[in-house]
Structures are given as structure tokens and as C-alpha cells.
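Grab your viewer and a coffee. Here are some exercises to work through, each with a solution you can check step by step.

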Amino acid sequence: MKGGSAATAGTTTTLSDSDFATPVEDRYFEDYVPGSVYVYGSITMTREDILRFANEFDPQSIHNDPQAARQGPFSGLIASGWHTCSVTMRMYVDHYVSKVASLASPGIDELRWVRPVRPGDRLSLRATVRDARVSRSKPDRGLVTTGIEVLDQHGRTVLTMSAMNLFLRRQVIGGAG
């Protein structure tokens with residue numbers, strides 16, 4: 001996280017030329033169009049933040065002991081995958097998940113830590129809307145499936161996953177809701 005602070009709201013930016021036509025504060029299910037791709041970031045992973053997160057949540061030597069990590073399988077300190085997930089969530093919520101229509105998430109699928117994240121790596125998020133379908137049982141909402149890739153400063157993928165989110169619809173057909 002930036003500057004060793006958990007308060008990173010507003011510190012990440014849109015990195016692509018295109019973004020949603022509707023701002024995150026007014027985004028509904030209909031705004032998530034399959035095939036759309038958005039890129040957001042960046043957050044720099046500092047040594048201090050990697051150590052702090054690992055000491056609190058994932059105290060394995062590859063994450064919280066720089067000297068032991070040099071002798072380990074990655075030849076140096078790496079961020080916990082869960083830390084990378086947390087930073088991913090920050091960018092995802094700051095820019096992608098509706099502030100007015102988000103209901104919940106039934107979960108994620110296919111989480112993969114593809115490449116180690118090291119101190120100094122600058123991460124960004126690429127979100128691809130894979131699918132958006134209206135709920136049959138509750139037509140006031142829909143389920144959006146998003147392919148997420150986290151990239152380092154060299155454009156290399158470090159994390160992938162498929163996220164599902166439930167969003168309210170802006171308008172409901174047939175007067176339901």
C-alpha cells in the first residue's frame with residue numbers, strides 16, 4: 001500500500017483511455033457490459049508494508065524475514081499472496097464495484113498467484129467483464145462475472161481470478177421490484 005498507510009482511498013487512478021461512461025458512484029448492473037476491459041492502479045508494494053502485513057496475517061519467513069527469504073525458494077522477500085489480494089480488492093472497490101448498486105459477492109473462482117510480488121513492484125488491475133446476466137429469481141438485480149488480472153510495472157501478470165458480484169438494476173422490466 002502507498003506510504004505504509006491503509007488509507008489509500010483515492011490514491012489509485014484509471015490507467016486506460018477508456019473507463020465506464022457512468023461514474024462508480026452511479027453505476028448499476030446495466031453499466032457492466034460483457035467484453036469491456038478497464039485498467040486501474042497503481043499501488044507500490046513497499047518492503048515495510050510487505051513485512052507489516054506478513055507479520056500480522058501470514059508470518060511465513062518468505063514474507064516476514066528478509067534474511068531467511070534470501071535463502072528461500074524465491075531468493076528474496078516476496079509479498080504474501082493474501083496481501084496481493086488485499087491490494088487488488090482496494091483497486092477493485094475504488095474503481096470498479098458500484099458504490100450505489102453493489103449487493104454482495106457470492107465469491108471468487110480460480111484464484112492464482114502467477115508470479116511473486118517483490119518490494120518496489122507497482123501493481124495495477126485489469127478487469128474484463130466476462131458475463132452479466134439478470135437474476136431469474138430476483139429480477140431487480142444481476143450477476144456480473146469479472147476476469148481480474150493484476151499486473152506489475154513491467155506488464156507481467158502476478159495474480160488472476162474470476163470475481164462474481166451482484167448489482168441492482170437501474171430499471172426493472174415489467175414493473176417488478
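Before starting, one definition: a residue is buried if its relative accessible area is under 20%, exposed if over 50%, and partly exposed in between. Keep in mind, too, that this is a predicted model.

**Exercise 1. Get the overall layout: which elements does the protein have, and in what order do they run?**

Step 1: count the elements. The protein has four helices and six strands.

Step 2: read them off from the N terminus. The order is β-β-α-α-α-α-β-β-β-β.

Step 3: apply the definition above. Of the 177 residues, 44% are buried.

Step 4: look at the contacts with a separation of 6 or more. Residues 24 or more positions apart make up 72% of them.

**Exercise 2. Classify the ring pair Phe 20 and Tyr 96: find its geometry and say where the two residues sit.**

Step 1: set up the description. A pair of aromatic rings is described by the distance of the centres and the angle of the planes. The whole structure holds nine aromatic pairs.

Step 2: plug in the values. For Phe 20 and Tyr 96 the centres are 5.7 Å apart and the planes meet at 65°, so we call the pair edge-to-face. The cut-off you need here is over 60 degrees.

Step 3: place the residues. Phe 20 belongs to the loop between strand E1 (13-14) and strand E2 (37-44), while Tyr 96 is in the loop between H4 and strand E3 (102-113); with their positions 76 residues apart, the pair links distant parts of the chain.

Step 4: check accessibility. Phe 20 comes out at 9%, so it is buried. Tyr 96 has 0%, so it is buried as well.

Step 5: widen the view. Ring pairs join Phe 20, Tyr 32, Tyr 38, Tyr 92, Tyr 96 and Phe 167 into a cluster. Arg 27 also comes into play, lying over the face of Phe 20 at 3.7 Å from the ring centre.

**Exercise 3. Do the same for Trp 82 and Trp 113: are these residues buried or partly exposed?**

Step 1: geometry. The ring centres of Trp 82 and Trp 113 are 5.0 Å apart with planes at 80°, so this pair is edge-to-face.

Step 2: location. Trp 82 is part of helix H4 and Trp 113 part of strand E3, so the pair ties together parts 31 residues apart in sequence.

Step 3: accessibility. Trp 82 has a relative accessible area of 49%, so it falls in the partly exposed class. Trp 113, at 42%, is partly exposed too.

**Exercise 4. Describe the largest pocket: how much space does it hold, and what lines it?**

Step 1: the idea behind the search. Rolling a probe the size of a water molecule over the atoms shows where empty space is left.

Step 2: volume. The largest pocket holds about 170 Å³.

Step 3: lining. There are 15 lining residues, and Ile 78, Ala 79, Gly 81, Trp 113 and Pro 116 lie nearest the centre. Helix H2 (61-64) and helix H4 (81-95) are the elements that give two or more residues to this lining.

Step 4: chemistry. Sort the lining residues and you get nine nonpolar, four polar and two charged.

**Exercise 5. Look at helix packing: which residues of H1 are buried, and what does Thr 84 touch?**

Step 1: helix H1 spans residues 47-57, and its buried residues are Asp 49, Ile 50, Leu 51, Phe 53 and Ala 54.

Step 2: find the cover. H2, helix H3 (66-71) and H4 are among what covers those buried residues of H1.

Step 3: move to H4, where you'll find Thr 84. Its relative accessible area is 2%, so Thr 84 is buried.

Step 4: skip its neighbours within four places in sequence, and Thr 84 is in contact with Met 45, Ala 79, Val 117, Leu 123, Val 158 and Leu 159.

**Exercise 6. Scan the backbone: where is a cis peptide bond, and which residues other than glycine have a positive phi?**

Step 1: check omega. Gly 41 and Ser 42 are joined by a cis peptide bond, with omega about 0°. Ser 42 sits in strand E2.

Step 2: check phi. Ser 75 has a positive phi near 55°, and Glu 110 also has phi near 55°.

Step 3: compare the settings. Ser 75 is in the loop between H3 and H4, whereas Glu 110 is in strand E3.

Step 4: finish with accessibility. Ser 75 is at 57%, so it is exposed; Glu 110 is at 55%, so it counts as exposed.

Methods
Residues are numbered from 1 along each chain as its sequence is written. This is a predicted model: local features need pLDDT of at least 70, side-chain atom pairs count only at pLDDT 80 or more; totals for chains, interfaces and linings use all residues. Side-chain values use heavy atoms; hydrogens and water are left out. On a 1 Å grid over the protein atoms alone, a cavity is a set of points where a 1.4 Å probe fits but cannot get out, and a pocket is an open set with protein on both sides within 12 Å along at least five of seven lines; lining residues have an atom within 4 Å of a point. Grid points are joined across faces, edges and corners, and a volume is the space filled by probe spheres set on the points. Ala, Val, Leu, Ile, Met, Phe, Trp, Tyr, Cys and Pro count as nonpolar, Asp, Glu, Lys and Arg as charged, and the others, Gly among them, as polar. Buried means under 20% relative accessible area, exposed over 50%, partly exposed in between (1.4 Å probe, protein chains only). Contact means heavy atoms within 4.5 Å. Rings of Phe, Tyr and Trp (its six-membered ring) pair if their centres lie within 6.5 Å; planes under 30 degrees apart count as stacked, over 60 as edge-to-face and the rest as tilted. A charge sits over a ring if NZ of Lys or CZ of Arg is within 6 Å of the ring centre and within 35 degrees of the ring normal.
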